[in-house]
Amino acid sequence: MVGSMKIVSNLLMSLRAALMNGALCVASALLLTAMAWASQSAAIGDTAQSESALPAERPNILFIAVDDLRPQLGCYDHPETLSPNIDRLAARGTLFERAYCNVPVCGPSRVSVLTGLRTSSGQWKSSSLSRDFTTMPAFFKSQGYEAISNGKVFHHMNDRREDWSEEPWRSIEIYHGETDWANYNEYGIWQSKTSSAFINQRTKRGPYFESADVPDNAYQDGKVADKTIADLKRLKENGEPFFLACGFWRPHLPFNAPKKYWDLYQRDEIALADNRFAPEDMPKRMRTSGEIDQYALTGSRKTSDEFHLEARHAYYASVSYVDAQIGRVMDSLDELGLAENTIIVLWGDHGWNLGEHEFWGKHNTFVNSLQVPLIVCAPGTKTQNRTSNLVELVDLYPTLLELTGFPELPDLDGESIVSLLHDPEDGGKQAVFSKWSGCEAVKTDRYLYTEWRKGRGEVTDRMLFDHQVDPQENVNLAQKEEAASVVRSHSAMLNKPNIIYINVDDLGWTDLSVQGSTFYETPNIDRLASQGMTFTNAYAAAANCAPSRACSLSGQYTPRHGVYTVDGSARGKSKNRRLVPTKNTLFLEDDNLTIADILRDSGYATASIGKWHVSQDPLNNGFDLNIAGDRWGSPRHGGYHSPFDFPNCAQEEEGEYLTDRLTGEAIAFISEKRTQPFFLYLPFYTVHSPLQAKSDKKAEYKAKQGTEAHRNASYAAMIESLDDNVGRLMSTLDELGLSENTLVVFTSDNGGVWNTSKQWPLRAGKGSYYEGGIREPLFVRWPGQIKAGTSSNIPVNGVDFFPTFASAAAAAVPEDKLLDGVDLMPLLLQTGTLEERPLFWHFPIYLQGGNAECTDPLFRTRPGSVVRLGDWKLHEYFEDGRIELYNLRDDIGEKRNLIAEHPEKTKQLHDLLRAWRSQVNAPVPTILNPEFQPADPSAGLDELESLLESR
C-alpha cells in the first residue's frame, strides 16, 4: 500500500499548504481527493492492478484555447479552410464532431470550461459565481503541477490570478476597452499605418481586418506561441508536470493576420453562404451580434457580396495564422520529447456566424454560434479517432481529472468523455445545453431547440430546427403542429423541476399510518412516502407555527429573523415568569429573501395556497398568487366549512370543506402553470384547531377502536381528508404528465397537540422542544431522481428546505443571503452524504399550556436553547441555568438526564450551543420580572415528576 499512501501523503501536504494560504476551495478539493485515494487504498490494497491503473508519471497538459473558432477546418471536412497543423493534431487523437459550448460568448464560456460549472451569460468572471468551485489550474497547481497561463485563457487577465503558479502572461496589457483604442498601434493590435486612416469614431477602434506584411510574432498570437515554446523548454528542464494553457486570440475580431496567410486564399474562389436570409418564422428576439460594428469598414457594406467575400477571406486568413502558431507549439513539444507524456486539448470557446442568415459573430443560439472544434490527444488512447457523440465544453474538467488519475471532484456539472477516446461509440449524451441572454437551448441528436422566457417563467418565443432535414437552420418548426411533441419533450429538458412543498399544520410524528399509527388511515400519504425518501430524523426549526414557517421559508434559524412565536412573547401569567422575555418579531421582513423570491427570480411561477402566518400577505414575500393566506394562523368564522373568511377564497358551494377547496385551488394553479416551472407552497390549515371534520368520516372513526395515544375521531377524520387531498394532488401530476419533473416534499410545521394526539414514545408535543414538539414526518418524492423506498436517518431541519430547493432549481442565491440550512440533494439523489453537524433551536420567551410531559404543568416551554449533535441532545433553560442531556439513540423519550454520567459531553454541547448563540447574535433574556412570584412556578413539579416516572 506504499504507493497509494504516498499519494495520500502528498495530497495532505498540499492540503496543509492550501489551508495556510487561505485557499479554502482548493483545500476542500484536496481533502475530498485525499479521502478518495485513502478509501481506494483501503479497499483494494497496493496490488499490481491498482498501481497499473495510475500513470507511472503524471502526464502534462497542454491546454490550447482558440477564440471564436468555428469547426470549419480541414479535419472537419471543410478543405476550403487551410488548417494543416490542427488537422495533424486531430490525426494524433480524437476529434469530436459534435462539441458545443455552454455559452456563446468568450467570458462566460471560459469561466464554464475552467470551473466545470454551467454559468449564465452574464458571468464574465469567476468572481460572479455564487457556487463554491476550484478552477482547473488551481486544482492541478495544488497537485504539484506548474500552472501557466499564456495569452487569452480566462477572458480577463486578472480573473483567478491566484490560481496560477506565476503571473498570467499576455502579449499586450489591454483588452476590451481598458484603454483608448485610438492608441492601438502602440499595443501591436494593428501593424499597418494605413489602418490608422480608418477609425470607428464611436468606439475609437480601427478596421475589422488587416493584412500587414509582418512576421508572425508582430501580432499577438505569434508572441503567444513564442512564450509558450520558451515555457516548454523551461518546463522540460524543471522536470515537474505542467498545466500549460495557451490562449490564441485570432480568429477573434479584428481579423488581423500577416499578409502571407491572406495570400493562401484566392478571394474569387471563396464560397459565400447560400442562406443569406432570415429563417422562416425566426423569433424577433433572435438577433445578430453587433460586435463587428464596433470596428471600422463595416456599416452598410455588410449585406454586399464584396463584404461577405472580404470578411470570409479575413476570417480564413486568421484561422490559418493561428493554425501555424499551433504547429510551432506542437513541433516544439515533439522536439523536446514531451509529446509522449502530454495530454493535448484544443478547443474553441464558441463558434461564429460567417454571413449565414446575414448574421456575423456569435451571441445567439444558431448552431454556428454553439458548435466548436474539440480535439483531445492523450497517451494511451486511440489515434485518428472521430466520434459523433454529443459532448459539451463543461465536460473537459472531469475528463482531465480522469486522464491524470485523479478522482472526479464533487459538484462538477460535466461528465468525463474519456471512454470516447478509446471507443468513439461508447456512450455519449442525450442532450447538451447552452444559455444566452434570456434564452436557453438544448441540442439533441436531431434537433436544436431554444426558448425565451419572461422573468417569471412564461415562454415568449421558441425556435426548433431539425438538423437531419435542415442542417442550415432555414425553417423554424417550433410553431408547427407536427412538431408539438418535439417541442414539449425538448422544453421539458430545459425546464427546471416543479417543486411542491406540502406543509401540514400541527401534524405529529406518529400521526400517519406509515409512521406507525394504527388508528389514523393515510394510504395516499403512505404511497407518496414509498415512492421517495423517508427522513427518520427530520425536525421543524421551531416548535410552533409562525417561527417554524419563517425558518423554512427564509432558510434561517429564529435569531436571524426574530420570529419566535405568534403575537407577543409575554405568554402565560406574569407572576409565573421569572424573566422578562425577549420581544417577539411578528412578521418576516419583506427584504428577507424567501425561497419563493429566489425561485421566482429563477423563472418559477410561485403560489402560496393555504395558511401563511408569517406576514400580512405572501405577495410581499416572493409569491405571485395567494389563496387563503394572511397573518392569521387558524380558520376563522365558519372554520373548515364554508363560507370561508380568507383572501381570494370565497366558497364555490355551500358546506364546502376547506381542505378540499385548497387542493382544488392548487390543482388549478398546477394546470395553468404546467408548461413552465412552478413552486407551489401548500400549507394546509389541517389539522390545526378547531377540530372540525366531515361528519361521515367522523362517524367512521367513532366506531373504530382507538389507542391511548390516538383516539380522537374528529382529528382522525381530518387526517383522512388530508390524505384524500394529497391523493388528488398526486393524481393530477400523473394526469398532466408532470410527476417525473416534480419534486414533492411532505412534512409538518411542528409536533402534534399533546391533548389531541400524543406522539409516544416521543415526549411532549407542539410548543415543547422535547422531541414530540419538533420531530416531524418528512417524505420527499421525485420519480426518476430519488430512488423509491429509500430512507435517511441523518438529522435534517426545516431550514434545509431553502438551499435544497435552490439547488434542485439551479437558482442563484445572493452572496449576502445568510442561510443556516444545507443542501439535501446529495442525500436525496444518493450522490453523497452530509458531514455530522449540530442542529439548533432558540426560544427566549414563554409559551403557556404545559402538561405532564413538558418542562412543567404551566408552560410548554420556558426560555432556553437546544442543540442536537449525533445521538446527543442538550437543553439549556435560562431562568435557572438548568441543563438536560439525553442520548436519543437509547432514550428517544428524553426521560433520563445524563449530565452527571457524561460531564464531558455536557460541556462539549453546552460550549457548542453558547458559541452558536454568539455567532447568530441570539438574544438571551436576563432581566428579572418584578411581578414574578417564586412559589407559583414550582407548583405542580412534584406531580409532574411522578407522572413522568409512571410513564
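Q: In this predicted model, what is the strand order of the open sheet of four strands with antiparallel pairing?
A: Happy to start here: this model is predicted, and it has an open sheet built from four strands. Their pairing is antiparallel, and the order reads 28-31-32-33.

Q: Which strands stand at the edges of that sheet, and why is one side of each left without a neighbour?
A: The twist from one strand to the next averages 10°. An edge strand has a single partner strand, so one side of it is left without a neighbour in the sheet. That description fits strand 28 (839-843) and strand 33 (883-887).

Q: What is the bridge partner of Gly864 in strand 32?
A: Let's look at the pair first: strand 31 (residues 864-869) and strand 32 (residues 872-877) run antiparallel to each other and share six bridges. Within strand 32, the residue that partners Gly864 is Tyr877.

Q: At about what angle does helix 24 run to strand 32?
A: Helix 24 covers residues 903-919 and lies across strand 28, strand 31, strand 32 and strand 33. Those strands make up the order 28-31-32-33 of the open sheet. Relative to strand 32, the helix runs at about 60°.

Q: How many residues of strand 23 are buried?
A: Thr742, Val744, Phe746 and Ser748 point one way from the strand, while Leu743, Val745 and Thr747 point the other way. Residues on both sides are buried. Strand 23 is thus mostly covered, and the count of buried residues is seven of seven.

Q: Which residue of strand 23 stands opposite Ile502?
A: Strand 17 and strand 23 pair in the parallel sense, with seven bridges between them. Opposite Ile502, strand 23 places Phe746.

Q: Which residue in strand 25 is the bridge partner of Val745?
A: Val745 belongs to strand 23. Strand 23 pairs with strand 25 (residues 778-781) in the antiparallel sense through four bridges. The bridge partner of Val745 there is Val780.

Q: Is Val745 buried or exposed?
A: Leaving aside neighbours within four places in sequence, Val745 is in contact with Ile500, Tyr501, Ile502, Leu778, Phe779, Val780, Phe801 and Phe805. The C-alpha atom of Val745 is also 9.0 Å from that of Trp782, 37 residues apart along the chain. Its relative accessible area is 2%, and buried means under 20%, so Val745 is buried.

Q: Which residues are closest to the centre of the largest cavity?
A: The structure holds six cavities of 30 Å³ or more, and the largest has about 100 Å³ of space. Its lining has 18 residues, and those closest to the centre are Tyr539, Thr747, Ser748, Gly798 and Phe801.

Q: How many residues lining the largest cavity are charged?
A: Strand 17 (498-504), strand 19 (538-539), helix 15 (545-554), strand 23 (742-748) and strand 27 (796-797) each supply at least two lining residues. By type, the lining has eight nonpolar and seven polar residues, and the number of charged ones is three.

Q: Which element gives the largest share of the lining of the second largest pocket?
A: This pocket has a volume of about 800 Å³, and its 31 lining residues include His78, Val367, Asn368, Gln371 and Pro471, which are closest to the centre. Strand 2 (94-100), helix 10 (367-370) and strand 12 (385-392) each give two or more residues. The largest share, three residues, comes from strand 2.

How values were computed
Residues are numbered from 1 along each chain as its sequence is written. This is a predicted model: local features need pLDDT of at least 70, side-chain atom pairs count only at pLDDT 80 or more; totals for chains, interfaces and linings use all residues. Side-chain values use heavy atoms; hydrogens and water are left out. On a 1 Å grid over the protein atoms alone, a cavity is a set of points where a 1.4 Å probe fits but cannot get out, and a pocket is an open set with protein on both sides within 12 Å along at least five of seven lines; lining residues have an atom within 4 Å of a point. Grid points are joined across faces, edges and corners, and a volume is the space filled by probe spheres set on the points. Ala, Val, Leu, Ile, Met, Phe, Trp, Tyr, Cys and Pro count as nonpolar, Asp, Glu, Lys and Arg as charged, and the others, Gly among them, as polar. Buried means under 20% relative accessible area, exposed over 50%, partly exposed in between (1.4 Å probe, protein chains only). Contact means heavy atoms within 4.5 Å. Two strands pair if DSSP finds at least two bridges between them. Axes are lines fitted to C-alpha atoms, for helices over the stretch in contact, and angles run from 0 to 180 degrees between N-to-C directions.
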